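Open your viewer and keep the selection box handy. We'll go stop by stop, picking something and looking at what is there.

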Amino acid sequence: MSRTIDAGVSPTQTNTIPADISGQMLDLDEDDDLEVFSKDSTLADGNMFNASMLTSPGSMVNQCKFEEDEESDSKDIFITVDNPESHVTAIETFITYRVLTKTTRSEFDNSEYEVRRRYQDFLWLRGKLEDAHSTLIVHPLPEKFVVKGMVERFSGDFIETRRKALHKFLNRVADHPILSCSEDFKVFLSAQAWELTTYKKQGPGFLSRMGETVRAVANSVRGVKNRPEEFTAIQEYVEDFSNKIGSLDKVTQRIVKEQKEYLEELKEYGPTYTLWSGSEEELAEQLKGVAGCIERCCKETEEQVGHLSDTLVPVLHEYVLCAETLKAVLRRRDNIQAEFEAKNEALATKKVDRDALKEEIDKLEDRVEWANNALKGDWGRWQRSMRGDLKSAFLSTAEKNVDYYEKCLAVWETFLLSQRTEPSEETDRDNTP
């Protein structure tokens with residue numbers, strides 16, 4: 001088995017992140033490694049399903065997985081992001097992740113690669129993909145999140161949330177028929193650290209990038225005059241989707257916050273009954289029973305809140321960011337068409353250099369056609385992915401809610417049954433002198 005190993009970064013103090021470290025917030029605005037999908041979410045680790053959920057009559061989650069299994073049979077590149085490590089230097093502390101790649105693609109020299117990457121490397125890759133394919137939909141990376149506290153310590157939940165997001169990002173790129181063939185993507189997966197650093201220095205210079213930015217701003221100000229109806233419809237859909245998913249995201253995060261507060265109060269509620277039972281002999285049995293019920297319901301509530309944080313919150317927030325990505329893609333498509341329209345107007349008024357301008361217009365016309373076709377193809381792919389992701393998250397959340405309420409109901413019903421007495425027992429108790 002051939003393998004290319006990335007030695008990592010320049011000499012630093014390296015520590016594997018333990019599962020139980022408690023994070024403090026870093027006040028580092030420029031630290032690109034502190035990323036998370038949700039500022040308020042605390043994602044619990046572990047399986048999202050248990051035995052009772054799998055056998056529940058309403059279980060539909062596993063039925064939605066067969067499409068993924070079928071797709072995996074045709075995949076030729078598999079990527080795993082795992083094993084986060086902290087690196088401490090004299091000037092910074094940051095996290096790197098191991099990126100394992102297995103592939104049968106002929107353009108790769110080896111079948112397996114193992115490299116380490118930090119968040120800024122993922123950010124570079126996304127930027128390169130977006131620059132090269134301006135009207136393809138490149139899924140977002142987790143947004144910047146600044147944490148406070150000790151520099152050398154990070155939250156385990158925070159790092160795991162970020163790892164999952166980066167893992168999902170790379171696999172979305174790997175599944176894309178165009179983006180996955182990018183040379184930048186290949187280099188990201190296979191190059192050693194020093195090779196990647198050298199490769200990053202290649203490409204257009206500052207003045208070239210500035211020129212592109214100025215042209216984009218000018219085209220945006222000019223605006224597009226004859227946008228095709230299908231892209232107007234897409235734009236309206238995206239605006240509506242953005243409003244709805246944004247509202248769901250805010251409400252869901254508020255619900256999670258309130259449920260966590262409820263859980264903390266519930267943890268204090270049960271012991272109160274236990275303490276009371278010590279001074280109320282006639283009610284001691286009932287008070288202890290209620291305390292036990294509250295304790296068991298508290299555990300179920302904690303699991304339910306964790307599942308909501310781990311399953312629904314990240315998906316909703318990812319698609320909030322996706323909506324912004326889509327708006328940017330549509331703006332770039334409009335800018336290409338606006339430039340084409342401006343050149344056509346110039347051709348109608350200019351009397352010199354018409355041949356050169358006509359050649360430039362022909363190239364722009366081809367670019368507009370390519371941009372339109374690329375966006376139309378990616379739009380359908382994105383919709384299928386979005387609907388599949390949201391459907392899975394909604395079904396999983398619904399099933400977990402059913403499981404949660406059924407278990408809590410069973411706890412209280414068991415307590416009520418234990419308190420019922422037979423009529424003869426009640427009579428004997430009343431006749432006791």
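Is Phe 415 buried or exposed? With a relative accessibility of 13%, Phe 415 counts as buried, because the cut-off for that label is under 20%. Keep in mind throughout that you are looking at a predicted model.

**Stop 1: around Phe 415**

Select Trp 412 as well. This residue is partly exposed, at 32% relative accessible area. Both residues belong to helix α10 (residues 354-419), and since they are 3 residues apart there, about one helical turn separates them. Now look at the two rings: their centres are 6.3 Å apart and the planes make an angle of 85°, so this pair is edge-to-face.

**Stop 2: a tyrosine pair**

The structure has 11 aromatic pairs. Another one to pick is Tyr 269 with Tyr 273, an edge-to-face pair at 5.2 Å centre to centre, with 85° between the planes. You'll find these two in helix α8 (residues 229-277), where a spacing of 4 residues puts about one helical turn between them. Colour by accessibility if you like: Tyr 269 is partly exposed at 40%, whereas Tyr 273 is buried at 19%.

**Stop 3: a ring cluster**

Next, show the side chains of Tyr 237, Phe 241, Tyr 319, Trp 379 and Trp 382. Ring pairs join these residues into a cluster. Leave Trp 382 on screen, as we need it for the next pick.

**Stop 4: Cys 322**

Which residues does Cys 322 touch, once neighbours within four places in sequence are set aside? They are His 139, Pro 140 and Trp 382, and the last of these is the tryptophan you just saw in the cluster. Cys 322 itself sits in helix α9 (residues 284-349) and is buried, with a relative accessible area of 1%. Try a distance label between the C-alpha atoms of Cys 322 and His 139: it should read 6.3 Å, although these positions lie 183 residues apart along the chain.

**Stop 5: arginines over rings**

Go to Arg 117 and Phe 188. The charged end of Arg 117 sits over the ring of Phe 188, 5.4 Å from the ring centre. For a second example, select Arg 333 and Phe 231: here the charged end of Arg 333 lies over the phenylalanine ring, 4.5 Å from its centre.

**Stop 6: a hairpin**

Switch to cartoon view and highlight strand β3 (residues 77-88) with strand β4 (residues 93-103). They run antiparallel and pair over 10 bridges, and the hairpin they form has 4 residues between the strands. For a landmark, pick Val 81, which faces Val 99 in β4. While you're here, turn on the side chains: in a regular strand they alternate between the two faces of the sheet.

**Stop 7: helix α4**

How many residues of α4 are buried? Select residues 156-175 to see this helix, which has 20 residues; 15 of them are buried, so you can call α4 mostly covered. From first C-alpha to last, α4 reaches 29 Å, close to the 28 Å expected at 1.5 Å a residue.

**Last stop: zoom out**

Finally, show the whole protein chain. It has 11 helices and 5 strands, and 42% of its 433 residues count as buried. Turn on the surface, and about 24,500 Å² is exposed, with carbon and sulfur atoms supplying 52% of that area. As for contacts with a separation of 6 or more, 81% are between residues 24 or more positions apart.

Definitions and conventions: Residues are numbered from 1 along each chain as its sequence is written. This is a predicted model: local features need pLDDT of at least 70, side-chain atom pairs count only at pLDDT 80 or more; totals for chains, interfaces and linings use all residues. Side-chain values use heavy atoms; hydrogens and water are left out. The expected span of a helix is 1.5 Å times one less than its number of residues. Buried means under 20% relative accessible area, exposed over 50%, partly exposed in between (1.4 Å probe, protein chains only). Two strands pair if DSSP finds at least two bridges between them. Rings of Phe, Tyr and Trp (its six-membered ring) pair if their centres lie within 6.5 Å; planes under 30 degrees apart count as stacked, over 60 as edge-to-face and the rest as tilted. A charge sits over a ring if NZ of Lys or CZ of Arg is within 6 Å of the ring centre and within 35 degrees of the ring normal. Contact means heavy atoms within 4.5 Å. Accessible areas come from the Shrake-Rupley method with a 1.4 Å probe; for residues, only the protein chains shown count as cover.
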